[in-house]
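What follows is a walk through one protein model, helix by helix. Please keep the sequence and the coordinates at hand.

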Amino acid sequence: MSWIRITVTFIDLFLSVERNDYELNPEHQRDVVHDDIWQSGIINSALSIGDIPQVYFHTVIKEDGSSIRESLDGKQRCMSIIRFIDNKYKFNPKSIVWDINQNMVGKYYKDLTPVDKQKVDRCTIDCKIYM
């Protein structure tokens, strides 16, 4: 067993969670979810500076032999991405939004222009995975 580091796009993370490749809410995780403004800040940070802190997962082998990556650290950051792409909150960060992204403020992901959706989809997050 060892740690590997991968970089995934926001849309790939979203799709992987939908496929149940990742478990963001295992028993050991807290149930706390930050508010929409805090979550918008995560999206804004990725768009503005191209960086959010990396997240950690460990691989668990299930009874059927398949595996799943369970969240160790970074659930809130991942949930911010997943919930935004899933239209659970509007983009309304407290932090300064660059002029190029101002047209996104107050909108759900579904209401973004195709260009703005691509900006969000192509943002990346670094994951460290124990395998």
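Which residue takes a positive phi just after H3? In this predicted model, the residue is Asn87, and its phi is about 60 degrees. A similar entry can be made for H2, which is followed by Gly50, whose phi is positive, near 70 degrees.

H3 is a convenient place to begin. The helix covers residues 75–85 and is mostly covered, with nine of its 11 residues buried. The buried residues are Lys75, Gln76, Arg77, Cys78, Ser80, Ile81, Ile82, Phe84 and Ile85. The cover over them includes the helices H1, H2 and H4, together with strand S3 (55–61), strand S4 (67–73) and strand S5 (124–130).

Ser80 shows this burial at the level of one residue. It lies in helix H3, and it counts as buried because its relative accessibility is 0%, where the cut-off for burial is under 20%. Leaving aside neighbours within four places in sequence, Ser80 is in contact with Trp38, Gln39, Ile42, Ile43 and Tyr89. Of these partners, Trp38, Gln39, Ile42 and Ile43 belong to the H2 side of the contact between H2 and H3.

How do H2 and H3 lie relative to each other? Their axes come within 9 Å and cross at roughly 90 degrees; the two helices are therefore roughly perpendicular to each other, since angles of 65 to 115 degrees are classed that way. On the H2 side the contact is made by Asp36, Trp38, Gln39, Ile42 and Ile43, and on the H3 side by Gln76, Arg77, Met79, Ser80, Ile81, Arg83 and Phe84. By class, these residues divide into six nonpolar, three polar and three charged.

The contact of H3 with H1 (residues 10–18) can be set out in the manner used for H2. Here the axes come within 9 Å and cross at roughly 85 degrees, so H1 and H3 are also roughly perpendicular to each other. Phe10, Ile11, Leu13, Phe14 and Val17 in H1 meet Cys78, Ile81, Ile82 and Ile85 in H3. This contact has nine nonpolar residues, with no polar and no charged ones.

H2 itself runs over residues 36–49 and has 14 residues. From its first C-alpha to its last it reaches 20 Å, close to the 20 Å expected at 1.5 Å a residue. At its start, a side-chain oxygen of Asp35 reaches to within 3.2 Å of the backbone nitrogen of Ile37. The buried residues of H2 are Gln39, Ser40, Ile42, Ile43, Asn44, Ala46, Leu47 and Ser48. What covers them includes H1, H3 and H4.

Two residues further along the chain complete the tour. Gly106 lies in the loop between H3 and helix H4 (114–122). With a relative accessible area of 30%, Gly106 is partly exposed, because that value falls between the 20% and 50% cut-offs. Not counting residues up to four places away in sequence, Gly106 touches Lys90, Phe91 and Asn92. Its C-alpha atom is separated by 5.6 Å from that of Asn92, although the two residues are 14 apart along the chain.

Is Asp116 buried or exposed? This residue of helix H4 has a relative accessible area of 4% and is therefore buried. With residues up to four places away in sequence set aside, Asp116 touches Asn103 and Met104.

Notes. Residues numbered from 1 in each chain as written. Predicted model: local features only at pLDDT ≥ 70, side-chain atom pairs only at ≥ 80, totals over all residues. Heavy atoms only, no water. Buried < 20%, exposed > 50% of the residue type's maximum accessible area, 1.4 Å probe, protein only. Contact = heavy atoms within 4.5 Å. Axes fitted to C-alpha atoms, helices over the stretch in contact; angles between N-to-C directions. Parallel < 35°, antiparallel > 145°, perpendicular 65-115°, else oblique. Nonpolar A, V, L, I, M, F, W, Y, C, P; charged D, E, K, R; others polar. Expected span 1.5 Å × (residues − 1). Polar contact = N/O pair within 3.5 Å; in protein donor to acceptor, adjacent residues only side chain to side chain.
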